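This report considers selected features of one protein chain. The sequence and the structure are shown first, and the discussion follows.

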Amino acid sequence: MEKKYKTLKDFFPFYLEEHSHPFNRALHFVGSSLALGCILGFLSTGKFYILAFALVSGYFFAWIGHFFVEKNRPATFTYPFYSFVSDWVMYFKMLTGRIDVEFAKIKSNKG
């Protein structure tokens, strides 16, 4: 039976474990970066169709990472809100070079 997460704090370590492969995380980073670019494009042009590209680019790269790299089911199917927020937390941690610290926390909590 799958664990039911009640808080983002409890969910985030699970989320990171589902993104343990660096290439999967890189694909997420690319997709999220493109999504941000599309959002900026929408804000600068006001063209709503650009927002569709934000969704497509974000999920396209993430799902490639899950289905072909990690070979797992994206957490967004079960925890859409926690997964969305966790993706941006992970993005920020990668952007700031702190993602390894998060994986070290998980490892030390298991050990």
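In this predicted model, F68 is exposed, because its relative accessible area of 62% is over the 50% that marks an exposed residue. The residue belongs to helix α3, which spans residues 49–70. F68 also takes part in a nonpolar surface patch of about 750 Å². The other members of this patch are L55, Y59, W63, F67, F77 and F84. Helix α3 makes the greatest contribution to the nonpolar patch, supplying five residues.

**The record and the helices**

An unreviewed UniProt entry assigns the feature "transmembrane region" to residues 26–43 and to residues 49–69. In the model, the stretch 26–43 is 100% helix and 0% strand, and the C-alpha atoms at its ends lie 26 Å apart. The stretch 49–69 is likewise 100% helix and 0% strand, with 30 Å between its end C-alpha atoms.

**The loop after helix α3**

A loop lies between α3 (49–70) and α4 (80–95), and N72 is found in it. K71 is also located in the loop between these two helices. Are these loop residues buried or exposed? K71 counts as exposed, because its relative accessibility is 64%. N72 counts as buried, because its relative accessibility of 17% falls under the 20% limit.

The backbone of K71 deserves attention as well. Its phi angle is near 60°, which is a positive value in a residue other than glycine.

Which residues does N72 touch, apart from those up to four places away in sequence? They are E18, H66 and F67. With E18 there is also a polar contact, in which the side chains of N72 and E18 come to 3.1 Å. F67, touched by N72, is one of the residues of the nonpolar patch described above.

**Salt bridges**

How many salt bridges does the model contain? The count is three, and the table gives the N to O distance for each pair.

| Residue pair | N to O distance |
|---|---|
| E17 and K110 | 2.5 Å |
| K93 and E102 | 3.1 Å |
| E102 and K105 | 3.3 Å |

The side chains of E17 and K110 form one of these salt bridges. E17 lies in helix α1 (residues 8–17) and K110 in helix α5 (residues 99–110), so this pair ties together parts of the chain that are 93 residues apart in sequence. The two partners can also be described by their accessibility. E17 counts as partly exposed at 32% relative accessibility, whereas K110 is exposed, with a relative accessible area of 61%.

The remaining pairs involve E102, which forms a salt bridge with K93 and another with K105. E102 and K105 both lie in helix α5, three residues apart, or about one turn of the helix. Through these shared partners, the salt bridges join K93, E102 and K105 into one network.

Within that network, E102 is buried, because its relative accessible area is 8% and the limit for a buried residue is under 20%. K105, by contrast, counts as partly exposed because its relative accessibility is 43%, a value in between the limits of 20% and 50%.

Note on methods:
Residues numbered from 1 in each chain as written. Predicted model: local features only at pLDDT ≥ 70, side-chain atom pairs only at ≥ 80, totals over all residues. Heavy atoms only, no water. Helix = DSSP H or I, 4+ residues; strand = E, 2+ residues; numbered from the N terminus. Buried < 20%, exposed > 50% of the residue type's maximum accessible area, 1.4 Å probe, protein only. Polar contact = N/O pair within 3.5 Å; in protein donor to acceptor, adjacent residues only side chain to side chain. Contact = heavy atoms within 4.5 Å. Patch = residues over 30% accessible without salt bridge, like charges linked within 9 Å, V, L, I, M, F, W, Y side chains within 5 Å. Areas by Shrake-Rupley, 256 points an atom, 1.4 Å probe, with all protein chains shown as cover. Salt bridge = Lys/Arg side-chain N within 4 Å of Asp/Glu carboxyl O. UniProt positions renumbered as here; feature names shortened; annotations may be inferred.
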